[in-house]
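User: I would like to learn how to read an interface, a nonpolar core and a set of salt bridges in a model with two chains. Could you take me through them one at a time?

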Amino acid sequence: MQRGDREVVINGQRVTLTEKDAAHGLITARDFGGTRKWRTCYTSDGTGHAMLYTVSDQVIGEAIPVHERMEALALIHDGQQCHGAVVRDLISGELSAYLARATVVATGGYGRIWGISTNALINEGMGAALALETGVARLGNMEAVQFHPTAIVPAGILVTEGCRGDGGLLLDKDGHRFMPDYEPEKKELASRDVVSRRMAEHMRAGKGVPSAYGEHLWLDISNLGAAHIDKNLREVKDICRYFLGIDPVKDPIPVRPTQHYSMGGVRTDHRGESPWLHGLFSCGEAACWDMHGFNRLGGNSVAETVVAGMLVGEYVADYCYSSHGQVDLSPALARQFVERERASLTALTANAGSESAVALRARMEQIMTDKVGLFRNGADLESAVGELADLLARSKQVGLRANNLDANPELVLAYRLPRMLKVALTVALGALQRTESRGAHFREDHPARNDRDWLNRTLAFWPEGDTLPSLDYESLDVMRMELPPGFRGYGVKNIVEHPASAERQAEVDEVVEAKPDRYSRQSALMPFKHLLPVRYRGRNARLDDASS
Amino acid sequence: MKRAFNVFRHNPRDAANPPRVVTYTLEETPGMTLFIALTRIRETLDPSLSFDFVCRAGICGSCAMVINGRPGLACRTLTAQLPNEISLFPLPGFELIADLSVNTGKWMRGMSERLQAWLQLREQPDVDALEARMEPAMADAIYELDRCIECGCCVAGCGTAQMRPDFVGAVGMNKIARFRLDPRDARTDAEFFDLVGDDTGIFGCMSLLGCHDVCPKELPLQTQIAYLRRSMARQGLLG
């Protein structure tokens, strides 16, 4: 039996956990940055991997067909109802229509429009683009994008914050330790957002190390010694060995702040359905389901994956069985959409245009990194929107060298490029219009969080034929919040209060005082059980119920 | 320093695109991996070159290829650790899509269906109750085998798989070992024997153990195969 303290590695971080006896043998949990409770479940250093294979194995067990290497190019819709998607076989190039009463976008985030990202290469925002190109579905909070301070260069793989926690130093091109200059008190241990911004600021001041892959800084952990690194930072050593060919016991590690997570996505209601296009659902990082607001806490992306997967899956099934789901799917409409995509691909391969998709994409990535990154300001964002719109216009003149319609990476880039640019424009325009700082969205020219004017959700949509997306805002009702806006202790307090915040906080305090029981408190503050799929309305057994 | 990449090219759907080797030359940059090199070849020399990378961080298994004669993950192979001339071929044993891209997904699905490689619970869980408890040591042992990323290197490195297209490979046997270990799985050794107790399964293995040598995740394939063979032989002989 293995009880009490145990040394484990979580997210590349070696920590000691003390497990409650009562929790022995349950799925392991821990606390995580910004959380007070043991609420993050994990499996060794491969939580996502374990979840993915469990689901995939069960899909095979249920004999559910999976059509691999198929890419949706367009959603089939009539302006009100989604009828499925036009899909391209990435091997044969064949186009076909998938007619469906419910269509779910679960394509992950849009980190790759930055080029420098910890995301997989396929996270190019194609799901968001599909929704955007309907002209009716809306994207939420696209400007809310998280950056992580220390990803290695060039691979973009994260090295743990434990490197700095244990005493590692950030150095610039002169070997100078610069963090104490900016943050004399916390130095390298300031919060993730602050360290990322300071690193970016220092590189902007010309102190970055030039390399074949762009500028970076150094993370030096050699002062920790071989024994410590071998014992406590083994994963960092492995990453350095496999992806850089260096030994962090002797060599500094090239790092820079890197795009990490997309909080924005296809705006849905709590059931995962688009309020503007019936039958279109979305979940996971692809969706704006309101799990993260403008910043995401560690562990919450896998939480969203597993919870949204479970709930939205059930809601989709319920929808298909309900009267709303009894849709007359139109083969004629599907044919029209397939023909439109076929014509567009044929035109693309026949285009003798002089523009290079590779060059336009590289420029987009640079604009996003320089002007729509960690630091944002009105002038830069204005120029980013102008330049991205120009790139979008130029993307129509992309010429191809290989014009076969089957497996053809050049063709794939050519048709994805304008879609990526449209997604990039929703981010840049959202960031330009939002004249405040909130979560991961930081405006140098508007450093305060302005709850009075900006406690709202950005909605982006793209009317057909327009050269820019349109933005709209959906306000939030403070008087219905379980946790009204307040200062959460990150950084300096700089908030323009919402007039209702104090009133709602008083109400909440009163309820908390009057109702010590968590269930009656929850139903007084924010009842939700009635909104859940029927099979999930039961009361969850909790370890602490016995003791409380 | 210049580096030559001899890359296999072929589009099986195009008669005018026969199998051949094309040489590309790149300037070596510090920290260059095969992912960076192939991306650069595609971006600057030949936009039609097909290959697969998804996570580019050694965890998705998409980029396995034969690198100077040895199956491995291209994303975490540094060019500086290879000779000046590098040869890249698609993994053998899988359907060729084009150039370095092969359809491992189709093969893995077929293998999983044949081996019924999914957890078959003794009883359906109650969603409102606490989860069933498992000893942490057991959970760790299962996870050790669950780390497989289905990259296909073990199949490409397997002598039997080159002769028998229906051989389930180390990836398949590892899966059986994983579910056999799991106390939640309802299946008995007699049932596992029906799945894996023949020449397409555990008795097809010649113990050359190329799989063990090339596994990028360093899974304990040698031990697992030996252990499974012994258990299945016992099951076959004694019932």
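Analyst: We will take the interface, then the cores, then the salt bridges, keeping in mind that this is a predicted model.

User: Where should I begin with the interface, and how many residues does the contact take from chain B and from chain A?

Analyst: The size of an interface is often given as the accessible area lost when the parts come together. Here the area buried between chain B and chain A is about 4600 Å², with carbon and sulfur atoms giving 54% of it. On the side of chain B, the residues that lose the most area to chain A are B:Arg56, B:Arg109 and B:Tyr143, which together account for 15% of what that side buries. As for residues, the contact takes 61 from chain B and 62 from chain A.

User: Which polar links does the rule find across the interface of chain B and chain A?

Analyst: Across this interface there are 3 salt bridges, and 26 residue pairs are in polar contact, both residues being at pLDDT 80 or more. One salt bridge joins A:Asp57 to B:Lys175, whose closest N and O atoms lie 3.8 Å apart, a distance to be read against the cut-off of 4 Å.

User: Which elements give two or more residues to the side of chain B that touches chain A?

Analyst: In chain B they are α1 (34–45), β7 (101–102), α2 (104–115), α3 (136–146) and α6 (169–181), and α1(B) gives the most, with 6 residues. Sorted by class, that side of chain B has 29 nonpolar, 12 polar and 20 charged residues.

User: Turning to the interior, which residues have the most contacts inside the largest nonpolar core?

Analyst: A core is read from buried nonpolar residues joined through their side chains. The largest one has 97 residues, and B:Phe5 and B:Leu88 have the most contacts inside it. Setting aside neighbours within four places in sequence, B:Phe5 is in contact with several residues, among them B:Val22, B:Leu26, B:Met32, B:Ile41, B:Ile86 and B:Leu88. A second, separate core has 70 residues, including A:Leu73, A:Val412, A:Leu432 and A:Ala460.

User: How many salt bridges does the structure hold over all chains, and where does A:Asp451 fit in?

Analyst: Over all chains the structure holds 54 salt bridges. A:Asp451 pairs with A:Arg438, the closest N and O atoms being 2.9 Å apart. This pair links distant parts of the chain, since A:Asp451 lies in helix α13 (residues 451–454) of chain A and A:Arg438 in the loop between α12 (409–433) and β17 (449–450), 13 residues apart. Both partners are buried, A:Asp451 at a relative accessible area of 0% and A:Arg438 at 11%. A:Asp451 and A:Arg438 also belong to a network of salt bridges that links them with A:Glu143, A:Arg434, A:Glu436 and A:Arg449.

User: Are the partners of a salt bridge buried or partly exposed in the case of A:Arg443 and A:Asp445?

Analyst: Each partner has to be read separately. A:Arg443 and A:Asp445 form a salt bridge with closest N and O atoms 2.8 Å apart; A:Arg443 is buried at 2% relative accessible area, whereas A:Asp445, at 36%, counts as partly exposed.

User: What separates B:Arg109 and B:Glu113 within helix α2 of chain B?

Analyst: They are separated by about one helical turn, because they stand 4 residues apart in that helix. Their side chains meet in a salt bridge of 2.8 Å, N to O. B:Arg109 is buried, with a relative accessible area of 18%, while B:Glu113 counts as partly exposed at 40%.

Methods. Residues are numbered from 1 along each chain as its sequence is written. Chains are lettered from A and ligands numbered from 1 in the order in which they are written. Side-chain values use heavy atoms; hydrogens and water are left out. Contact means heavy atoms within 4.5 Å. Buried area is the accessible area (1.4 Å probe) that two parts lose on being put together, summed over both. A polar contact is a pair of N or O atoms within 3.5 Å; within protein, one must be able to donate a hydrogen and the other to accept it, and residues adjacent in sequence count only if both atoms are side-chain atoms. Ala, Val, Leu, Ile, Met, Phe, Trp, Tyr, Cys and Pro count as nonpolar, Asp, Glu, Lys and Arg as charged, and the others, Gly among them, as polar. A nonpolar core is a set of buried Ala, Val, Leu, Ile, Met, Phe, Trp, Tyr and Cys residues joined through side-chain atoms within 4.5 Å. Buried means under 20% relative accessible area, exposed over 50%, partly exposed in between (1.4 Å probe, protein chains only).
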